[in-house]
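Let us take a walk through this structure together, beginning with its strands and ending with the surroundings of its ligand. Keep the view open as you read.

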Amino acid sequence: MNQRLWQFAGGSAGQFEVHSVRPVIGETLPHVARLAVINGEAGLQAAPVFCLKGVTSNERYVTRSEKEELVAVQQPIGRPAARLGALIPIKKSQAWWDLPQDERRAIFEERSAHIEIGRRALPNVARRLHHCRDLGSSEPFDFLTWFDFAPEDEPRFDELVVALRATEEWRYVEREVEIRVSRSMPLSPS
Ligand code: HEM
């Protein structure tokens, strides 16, 4: 099994109840009742309305000191108290991908402070980043970003997304959808 592969299937089945599907930039996704989050290639029980795939990967931008700081505070996805979640698929523009790595890093952190802004939400918000680009041209997004947090931390998460969307980095986002979910049963950490 490819443990780096994750599938996010929207439809009538899955661990998560979907509260909202909201277009932030560009075309939305269809509204669905439930979201299934599946690790590996396992098939889906019911035919989903959409199925987004991504893989966890090596990091591209963090420096050693940033990484050490994040590792010291960040929490894994799946804590029992973290009953709310958000799946935010994102596609960046060709102009972003045409930039060399050093210029992308400069926009991402030196000018947009993505890590600095994100760090303020730790450890309350947990995250996992999935990359889609190298899975093939049929993937509609470049990234699947996945978060969970306790209900009392929802305002903190709301502030985080507002702050990130105001940055220079986000001028390169050409499609973004925000899917808010909840679960009632504790899940095993994953
Ligand atoms: C919870 C706080 C957050 C922290 C600590 C955080 C941190 C990071 C870090 C360190 C990376 C770079 C990983 C690498 O080196 O390759 C990254 C990438 C990314 N994050 Fe965040 N982030 C947070 C929240 C968010 C949110 C709320 C969104 C979406 C609204 C988001 C979207 C992304 C995307 C799309 C990338 C990939 C950027 C690219 O490679 O072009 N992040 N994040």
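Two strands are said to pair if DSSP finds at least two bridges between them. With that in mind, start at strand S7, which covers residues 143-149. S6 and S7 run antiparallel and are joined by six bridges. One place to see this pairing is Arg 127, whose bridge partner in S7 is Phe 147. Please remember as you go that this is a predicted model.

Now step back to see the whole chain. It contains five helices and eight strands. Followed along the sequence, these elements come in the order β-β-β-β-α-β-α-α-α-β-β-α-β. The C-alpha trace spans about 45 × 35 × 30 Å along its principal axes. How does the radius of gyration agree with that of a compact globule? For 190 residues, such a globule would have a radius near 16 Å, and the chain has 16 Å, so the two agree. Contacts also reach far along the sequence: among those with a separation of 6 or more, 78% are between residues 24 or more positions apart. Buried residues make up 26% of the 190 in the chain.

Let us return to the strands and follow the pairing onward. S7 also pairs with S5, in the antiparallel sense, over seven bridges. Along this pairing, Gly 85 stands opposite Asp 148 in S7, and Ile 88 stands opposite Thr 145 in S7. S5 has another antiparallel partner in S8, with seven bridges joining the two. Here Ala 86 has Arg 180 as its bridge partner in S8, while Lys 91 has Arg 175. S8, which covers residues 173-182, is in turn joined by seven bridges to strand S2, residues 16-25, and these two run antiparallel as well. Within that pairing, the bridge partner of Ser 20 is again Arg 180 in S8.

S5 deserves a second look. How many of its residues are buried? Nine of the nine are, so S5 is largely enclosed by the rest of the structure. In a regular strand the side chains alternate between the two faces of the sheet. Both faces of S5 are covered. On one side, Leu 84, Ala 86, Ile 88, Ile 90 and Lys 92 are all buried, and on the other side Gly 85, Leu 87, Pro 89 and Lys 91 are buried too. S7 is mostly covered, with five of its seven residues buried.

From here we can move to the nonpolar core. The largest one has 31 residues, and those that touch the most other members are Phe 8, Leu 35, Leu 87, Val 125, Leu 144, Phe 147 and Phe 157. At least two residues of this core come from each of strand S1 (5-11), strand S3 (34-39), S5, S7, H5 and S8. The largest share, five residues, is supplied by S5. Phe 147 is a good residue to zoom in on. Leaving aside residues up to four places away in sequence, Phe 147 touches Gly 85, Ala 86, Val 125, Ala 126, Arg 127 and Phe 157.

Two details of the backbone are worth a pause. Most residues other than glycine have a negative phi, and most peptide bonds are trans. Against that background, look at Ala 113, which is not a glycine but has a positive phi of about 55 degrees. Ala 113 lies in the loop between helix H3 (101-111) and H4. Is this residue buried or partly exposed? There are 17 other C-beta atoms within 10 Å of Ala 113, so this residue counts as partly exposed. The other detail is the peptide bond from Leu 122 to Pro 123, which is cis, with omega near 0 degrees. Pro 123 is placed in the loop between H4 and S6.

Our walk ends at the ligand. Of the 22 residues around it, Glu 59, Arg 60, Tyr 61, Val 62 and Gly 118 come nearest. Two or more residues of this shell are given by each of strand S5 (84-92), helix H4 (114-119), strand S6 (126-131), strand S7 (143-149) and helix H5 (154-165). Which element gives the largest share of the shell? That is H4, with four residues. By type, the shell around the ligand divides into 14 nonpolar, three polar and five charged residues.

Note on methods. Residues are numbered from 1 along each chain as its sequence is written. This is a predicted model: local features need pLDDT of at least 70, side-chain atom pairs count only at pLDDT 80 or more; totals for chains, interfaces and linings use all residues. A residue is near a molecule or strand if its C-beta atom, placed from the backbone, lies within 6 Å of it. Ala, Val, Leu, Ile, Met, Phe, Trp, Tyr, Cys and Pro count as nonpolar, Asp, Glu, Lys and Arg as charged, and the others, Gly among them, as polar. A residue is buried if 20 or more other C-beta atoms lie within 10 Å of its own, exposed if 12 or fewer, and partly exposed in between; C-beta atoms are placed from the backbone. A nonpolar core is a set of buried Ala, Val, Leu, Ile, Met, Phe, Trp, Tyr and Cys residues joined through C-beta atoms within 7 Å. Two residues are in contact if their C-beta atoms, placed from the backbone, lie within 7 Å. The radius of gyration is taken over C-alpha atoms; the globule rule is 2.2 Å times the number of residues to the power 0.38.
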